[in-house]
Amino acid sequence: MNPARIFIGAFLVNNILLMRFIGLCPFFGVSTSVNTSVGMSAAVLFVMLLAAWVSWLLYHLLLVPLGLVFLRTAVFILVIAALVQFVEMFLKKHARALYSALGIYLPLITTNCAILGVTFLNIDHKFSLLQATVFALGTAAGFALAIVLFAAIRERLDDAPITPALKGYPVAFIGASLVSLAFLGFSALFGIN
Amino acid sequence: MDWTLVLKSVIGLGGLGLILGLVLLVASLRLAVRVDQREQAARAALPGINCGACGYPGCDGYAAAVVAGKAPLDRCAPGGPPVATRLGEIMGQEVTPAAPQGAVLICRGGRTEAGQRFQYRGAADCRQAALLLGGPKACIYGCVGLGHCVQVCPFKAIAMGENGLPAIDPKKCTGCGKCVQECPKAVLRLIPRSKLVYLTCASHDKARAVRDVCKVGCIGCGLCVKNCSTNALKLEANLPVMDFARCIDCGICVHKCPTKSFVDRASGRPKASINPRCTGCEECIKVCRFKAIEGEPEQQHKVIADKCVGCGQCVPVCPAKAIDLIGALGHRSDAA
């Protein structure tokens with residue numbers, strides 16, 4: 001499949017947050033301000049790429065030859081968690097600036113379903129390593145787009161005169177569904193399912 | 001049943017877990033970052049609520065600054081003196097903790113006292129409202145009353161009162177000063193918790209202008225300044241400024257103020273009482289600012305209880321030491 005199609009598909013058409021509804025915890029948890037959501041998006045990009053590579057290599061070089069593909073859920077969780085731990089330690093020692101920028105978000109995203117979802121989709125779509133990379137990039141970019149847009153909306157909601165009963169999460173859920181509806185407009189585009 | 005598959009799974013998954021565990025173990029040893037032990041101890045001594053009152057980004061930032069010797073030790077307002085002493089122990093320094101402070105609202109012009117100049121229908125946020133012609137309240141110095149302080153208080157110590165003015169719970173307030181920084185009208189101040197008396201008006205306008213917009217605003221008449229027993233008050237730009245180091249909480253200003261712009265936090269005040277040792281020298285009559293003592297020369301004087309406010313000015317001037325303050329014992333401990 002054409003890498004551009006994969007990227008656009010993951011970025012807009014099948015946006016991981018707004019169309020697939022995967023990874024909703026950070027979508028609501030850290031979208032209270034644009035600053036934190038940008039930090040979270042950077043961490044997602046970082047971890048998603050690493051996870052896509054490692055899980056792809058592990059699946060095709062270890063699980064398939066051994067005939068253990070049914071163990072992929074356990075193996076992927078294990079490997080991604082260990083990998084992020086390792087990377088966090090490495091960054092703390094050797095890349096202090098990157099660590100202080102991503103630091104708090106890295107462990108948060110470790111066992112996120114968005115990360116795990118991408119690794120599974122890579123395999124279900126039978127992507128090559130290059131395609132998997134592009135898919136992970138597109139998904140992370142889609143995550144960033146959705147969460148930053150939504151954070152900007154929530155910052156404005158904070159100052160808006162809202163009925164007390166709807167203040168906080170209720171109005172955030174309503175807002176999220178409206179954003180999701182808007183993204184439904186892309187579904188007529190080509191895409192990957 | 002295919003036992004080799006089970007075996008392969010167990011060995012594969014278990015082996016993978018073991019390898020990853022070992023890798024992480026080695027990594028945690030090889031990649032360990034040396035942290036100053038004092039920094040961890042200092043961080044543990046701090047409350048950990050990241051209010052930012054110290055001026056550093058959160059408790060982590062303050063702990064790092066303290067250990068680096070860049071920050072004074074008594075900056076943690078929520079922690080107060082105990083935390084300052086603890087930081088002193090960690091750093092091996094003597095600390096003299098500052099007097100604990102609490103936030104107070106220095107405006108009493110609520111909905112019933114001060115009118116509105118216009119109806120504000122924008123975002124319910126003090127800062128935005130204040131940008132629009134200085135806010136909807138008739139007095140441009142006064143509290144906007146949309147409760148930004150209620151939102152920023154990390155301790156939920158501020159609640160919106162019925163009169164459209166925030167009420168601060170002195171028991172919950174830690175004096176972190178977050179609300180003081182955020183208030184667009186600067187009508188929140190930090191004052192020593194032990195002080196009973198403070199002025200609750202921020203208007204620098206002249207008397208006429210203040211009266212037009214607020215029933216309880218200070219008109220800058222200066223009566224409090226003239227009557228202050230310790231010269232703790234000074235009139236600056238139509239507003240008395242209190243020097244809390246000098247103020248003895250006698251409460252004279254509270255009673256002299258024609259607009260009742262001072263607040264007295266004491267729940268009750270004592271009354272003067274003259275015992276038979278009185279020689280009738282009239283010294284106390286001369287010093288009393290409230291004409292609360294009467295009597296003929298050479299005869300025992302009497303206190304008019306209704307007029308006495310319990311300021312205690314007569315006590316030290318009596319040569320016979322015949323005057324006591326009675327009732328409302330311990331009123332000073334009413335301060336927050």
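What distance should the twelve residues of helix H7 (residues 113-124) of chain A span at 1.5 Å a residue? In this predicted model, the expected span is 16 Å, and the end C-alpha atoms of the helix are 16 Å apart, so the two values agree. Within H7(A), the buried residues are A:Ala114, A:Ile115, A:Val118, A:Thr119, A:Leu121 and A:Asn122. These residues cover an arc of only 165 degrees around the axis and therefore lie on the same side of H7(A). The cover over the buried residues of H7(A) includes four helices of chain A, namely H3 (34-66), H4 (72-94), H6 (105-110) and H8 (129-159). After H7(A) comes A:Lys126, which has a positive phi, near 55 degrees.

Contacts between the chains involve 17 residues of chain A and 17 residues of chain B. On the side of chain A that touches chain B, H4(A) gives the most, contributing eleven residues. By residue class, that side of chain A comprises 13 nonpolar residues, one polar residue and three charged residues.

Chain B contains twelve helices and twelve strands. Its length is 336 residues, of which 34% count as buried. For contacts in chain B between residues at least 6 apart in sequence, 59% join residues at least 24 apart.

The largest nonpolar core has 63 residues, and those touching the most other members are B:Leu105, B:Ile106, B:Cys107, B:Val187, B:Tyr198 and B:Cys253. Two or more residues of this core come from each of several elements of chain B, including strand E1 (101-105), helix H5 (126-131), strand E4 (188-192), helix H10 (252-256) and strand E9 (271-274). Beyond its neighbours within four places in sequence, B:Cys253 is in contact with B:Val197, B:Cys224, B:Asn227, B:Cys228, B:Leu233 and B:Phe262. Another core, of 50 residues, lies apart from the largest nonpolar core; among its members are A:Val30, A:Ala52, A:Tyr59 and A:Phe127.

In chain B, the segment after strand E12 (323-326) holds B:Gly327. B:Gly327 counts as partly exposed because 13 C-beta neighbours lie inside 10 Å, where a buried residue would require 20 or more and an exposed one 12 or fewer. Although B:Gly327 and B:Lys271 are 56 residues apart in sequence, their C-alpha atoms are 6.4 Å apart in space. When neighbours within four places in sequence are set aside, B:Gly327 is in contact with B:Pro270 and B:Lys271.

Terms used:
Residues are numbered from 1 along each chain as its sequence is written. Chains are lettered from A and ligands numbered from 1 in the order in which they are written. This is a predicted model: local features need pLDDT of at least 70, side-chain atom pairs count only at pLDDT 80 or more; totals for chains, interfaces and linings use all residues. Two residues are in contact if their C-beta atoms, placed from the backbone, lie within 7 Å. The expected span of a helix is 1.5 Å times one less than its number of residues. The arc is that of the directions from the helix axis to the C-beta atoms. Ala, Val, Leu, Ile, Met, Phe, Trp, Tyr, Cys and Pro count as nonpolar, Asp, Glu, Lys and Arg as charged, and the others, Gly among them, as polar. A nonpolar core is a set of buried Ala, Val, Leu, Ile, Met, Phe, Trp, Tyr and Cys residues joined through C-beta atoms within 7 Å.
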